[in-house]
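Grab a coffee and pull up the two chains. Here are a few exercises on how they touch, each with a worked solution.

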Amino acid sequence: MKARGAVSAALASAGILLAGWQAGVQIAEIRGSAASTSAGTDTGGTGATGASGSSDSSSQAGAPASGASGAAGSAGAAAAAAATYDGAMVPTRFGSVQVQITVKAGAITDVTALQLTDDDRKSIQISNRAAPLLRSEVLAAQSADVKSISGATVTSNAYLTSLQAAIDAANL
Amino acid sequence: MPRTSENLPATPPRPLLKARTFQSMGTVISLTLPVATPGGNPPDDELAAAAAVVERLFRDLDQIFSLYRPDSEASRLARGDLSLRAASAAMRGRYEEAMAWRLRTEGAFTPERPDGVLDLSGLIKAHAIRESGTSLLALGRADWCLNAGGDVLVSGSPVPGSYEPWDAGIIDPLARGALLTGYPLGHGRGHEALATSGSAERGDHIWSAAASGSEFMQVSVLAKDIVTADVLATAIVAGGVPMLNRATDGWDVDVLAVRTDGRLLATPGFRAGVS
């Protein structure tokens, strides 16, 4: 299910992010911009924006490393104000996934997917669902070099007239 | 470009493929290995030894699990002469595995016949293939193709040391003497196992919830391991499109399914592997 895939990918990313967040709050504060998201108030301190920190999530989408935008300014405000942290880009079977978490008073209050795209920047294909296929599309496969045959179970008697028997006979 | 063909190093000749076959579990098992080319060191003995190990493994499992042998442990269980509690560790291990698959497939795969008799045959052949693969690798054989009645597990390459896949064909259920398509095993996405189940053949081992019949006449599943491929192929034939979607959502598999009207359904990965 599409939702299930996205959620599990997001959770995996969030887990990595959370571990990093717990280990590196100080780093986040150093790198964080001065945009507080607690109540939409602008602290006006954006002049001190760190190298990679940004409150604009879209600008983070291509960044391979973790970034954070948190309640900068005073360290005391960090605990009360909500802060957002961008997770690392996590490669998955379906493409790269990056999430952003919002943390307030030590608890995650929101998880947002920043990036759910594949390498071609198309929207991510979570689904591996089977879709109609024309026989002519698969008939291109050459049978000449086939080394083994798969089919519904053949009985010992049916084997004698099977394609597999012909292949085996050629290799005996 | 100057003609220097005489000075070019001779491209190593392609190794010959050698096959050994034997009967077990009501079908024929084929083991195919690349052997050294003529002039080299033909390890025919190694092929014979490898085939003997696989054959012994199939026979031993068949002795325990065959319902066609009145003296087998499975038959004694079916008759009620033996309780599961008193059964061998091998029997209980497979029973546990089968029940786990029944849970994971939400009942589409079940080890119990409609009459309530425990029948693990849907799992035992795949288990035998899996165990054979483990034994072959333990023997130091890195390149082989094992086919048991249409279920295929490969390792390595038909050209040892290369990335050449083992090309496997899939039978056309509408014309059983012809191939519907092929898929390169052990290559690309790393599917090394291919199992195909049908609603027409051996219909006795697939019990569709809807007794009226399956939506699919044939389902092929590609997976990393043969038990997953085999169980899911069986489950999809029994469970129809809902089970097909559960399989492709929940496992790293690719599927080619043939509807009863002959139309095909395939996962994107299957499509990519074929082209």
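What follows is a set of three short exercises on the interface.

Before you start: this is a predicted model, where local features need pLDDT of at least 70, side-chain atom pairs count only at pLDDT 80 or more, and totals for chains, interfaces and linings use all residues. Residues are numbered from 1 along each chain as its sequence is written, chains are lettered from A in the order in which they are written, and side-chain values use heavy atoms, with hydrogens and water left out.

**Exercise 1.** Work out how many residues each chain brings to the contact.

Step 1: count residues with heavy atoms within 4.5 Å of the other chain. Chain A supplies 34 residues and chain B 62 residues.
Step 2: sort chain A's side by class: 16 nonpolar (Ala, Val, Leu, Ile, Met, Phe, Trp, Tyr, Cys and Pro), 7 charged (Asp, Glu, Lys and Arg) and 11 polar (the others, Gly among them).

**Exercise 2.** Find a salt bridge between the chains.

Step 1: look for a side-chain nitrogen of Lys or Arg within 4 Å of a carboxyl oxygen of Asp or Glu. That rule turns up 2 salt bridges across the interface.
Step 2: check one of them: Arg129(A) meets Asp249(B) at 3.1 Å, N to O.

**Exercise 3.** Which strand of chain B pairs with E6(A)?

Step 1: strands are DSSP runs (E, at least two residues), numbered from the N terminus, and pairing takes at least two DSSP bridges.
Step 2: the partner is E10(B), residues 264-266, running antiparallel to E6(A) over 3 bridges.
Step 3: zoom in on Ala131(A), whose bridge partner in E10(B) is Ala266(B).

How values were computed:
Helices (H or I, at least four residues) and strands (E, at least two) are DSSP runs, numbered from the N terminus.
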